[in-house]
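The exercises below are meant to be worked through with the sequence and the structure side by side. Try each task before reading the solution that follows.

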Amino acid sequence: MIKVNDSVVRELRSRGRFDASKCFSCGTCTALCPVGLPILPREIFRYALLGAQEELIKRQDEIFSCLLCRMCEENCPEGVGISGNIRLIRGLLNEKVLGL
Ligand code: SF4
Ligand code: SF4
C-alpha cells in the first residue's frame, strides 16, 4: 500500500525548482530516452508528488540510471525540467535513504 506523504514534495521544492506537477503523462520522454524503459520519468514524478518515498526507494536504480542528457526535456510539450527534477529526487534519496 502506498503511503502518501506531502513532506516529500515540500522538501523537493525547498531544494530547487521541482515542477513535476506540469507533467501530463504524454510519454514523449519515454519514447525518446536513450536508456529506454528502465527509466520512466512520469512514473517517478507521480510517486514523488504523492510523497510515496518507499516507491522512490524501490526505483533508485532507475532514478540513478538517468544520464541527465536532457533529450526528453528538450522535447517535453509541457517544458518540464525533467533532469532537474531527477537531480532533486536523487539528492533526497542520497540524504534521506542512503545517508550520504
Ligand atoms: S514528455 Fe513531459 S509531459 Fe510528457 S510524460 Fe514526459 S515529463 Fe510528462
Ligand atoms: S535526461 Fe534521463 S530520462 Fe531524460 S532522456 Fe536523458 S536519460 Fe532519459
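**Exercise 1: Two loop residues with positive phi**

Task: decide whether Leu 68 is buried or exposed, and then do the corresponding work for Ser 25.

Solution. Leu 68 is exposed, because 11 other C-beta atoms lie within 10 Å, and a residue with 12 or fewer is placed in that class. The model in which this count is made is a predicted one. As a next step, find Leu 68 along the chain, where its place is in the loop between H5 and H6. Its backbone deserves attention too, since phi of Leu 68 is near 55°, a positive value in a residue other than glycine.

Ser 25 belongs to the loop between H1 and H2, and its phi, near 60°, is likewise positive in a residue other than glycine. The count for Ser 25 is 13 C-beta neighbours inside 10 Å, so this residue is classed as partly exposed.

**Exercise 2: The overall fold**

Task: state how many helices and strands the protein has, and judge how its radius of gyration stands against the globule rule.

Solution. Begin with the elements: the protein has 7 helices and 0 strands, which gives the order α-α-α-α-α-α-α from the N terminus on. The radius of gyration is 12 Å, close to the 13 Å that the globule rule gives for 100 residues, and the protein is therefore as compact as a globular protein of that length. Along the principal axes, the C-alpha atoms fill a box of roughly 30 × 25 × 25 Å.

The next step concerns burial and contacts. Of the 100 residues, 27% count as buried, and among contacts between residues at least 6 apart in sequence, 74% join residues at least 24 apart.

**Exercise 3: The surroundings of the two ligands**

Task: for each ligand, find which residues come nearest and which elements give two or more residues to the shell.

Solution. Around ligand 1 there are 15 residues, and those that come nearest are Cys 23, Cys 26, Thr 28, Cys 29 and Cys 76. Two elements, helix H2 (28–32) and helix H3 (41–50), give two or more residues to this shell. Sorted by class, the shell around ligand 1 holds 10 nonpolar, 3 polar and 2 charged residues.

Around ligand 2 there are 16 residues, of which Cys 33, Cys 66, Leu 67, Cys 69 and Cys 72 come nearest. Here H2, helix H6 (71–75) and helix H7 (82–97) each contribute at least two residues. By class, the shell around ligand 2 is made up of 14 nonpolar, 1 polar and 1 charged residues.

**Exercise 4: Helix H3 and the nonpolar core**

Task: explain why the buried residues of H3 are on the same side of the helix, and then follow the nonpolar core to Ile 89.

Solution. The buried residues of H3 are Pro 41, Ile 44, Phe 45, Tyr 47 and Ala 48. They are on the same side of H3 because they cover an arc of only 165° around the axis. These buried residues pack against H1, H2, helix H4 (53–58), helix H5 (60–65), H6 and H7. After H3 comes Gly 51, whose phi is positive, near 75°.

Turning to the largest nonpolar core, it has 22 residues, and Leu 12, Ala 20, Ile 44, Ala 48, Ile 63, Ile 82 and Ile 89 touch the most other members. Helix H1 (7–15), H3 and H7 are the elements that give two or more residues to this core. Once residues up to four places away in sequence are set aside, Ile 89 touches Leu 12, Ile 44, Ala 48, Leu 56 and Ile 63.

**Exercise 5: A buried residue in a loop**

Task: determine whether Ile 39 is buried or exposed, and which residues it is in contact with beyond its neighbours within four places in sequence.

Solution. Ile 39 lies in the loop between H2 and H3. Ile 39 is buried, because 23 other C-beta atoms lie within 10 Å, and the class begins at 20. Beyond its neighbours within four places in sequence, Ile 39 is in contact with Cys 33, Glu 62, Ser 65 and Cys 66.

For a contrast in burial, take Gly 99, which is placed in the segment after H7. Gly 99 is exposed, because it has 6 other C-beta atoms within 10 Å.

How values were computed
Residues are numbered from 1 along each chain as its sequence is written. Chains are lettered from A and ligands numbered from 1 in the order in which they are written. This is a predicted model: local features need pLDDT of at least 70, side-chain atom pairs count only at pLDDT 80 or more; totals for chains, interfaces and linings use all residues. A residue is near a molecule or strand if its C-beta atom, placed from the backbone, lies within 6 Å of it. Helices (H or I, at least four residues) and strands (E, at least two) are DSSP runs, numbered from the N terminus. Ala, Val, Leu, Ile, Met, Phe, Trp, Tyr, Cys and Pro count as nonpolar, Asp, Glu, Lys and Arg as charged, and the others, Gly among them, as polar. A nonpolar core is a set of buried Ala, Val, Leu, Ile, Met, Phe, Trp, Tyr and Cys residues joined through C-beta atoms within 7 Å. Two residues are in contact if their C-beta atoms, placed from the backbone, lie within 7 Å. The arc is that of the directions from the helix axis to the C-beta atoms. The radius of gyration is taken over C-alpha atoms; the globule rule is 2.2 Å times the number of residues to the power 0.38.
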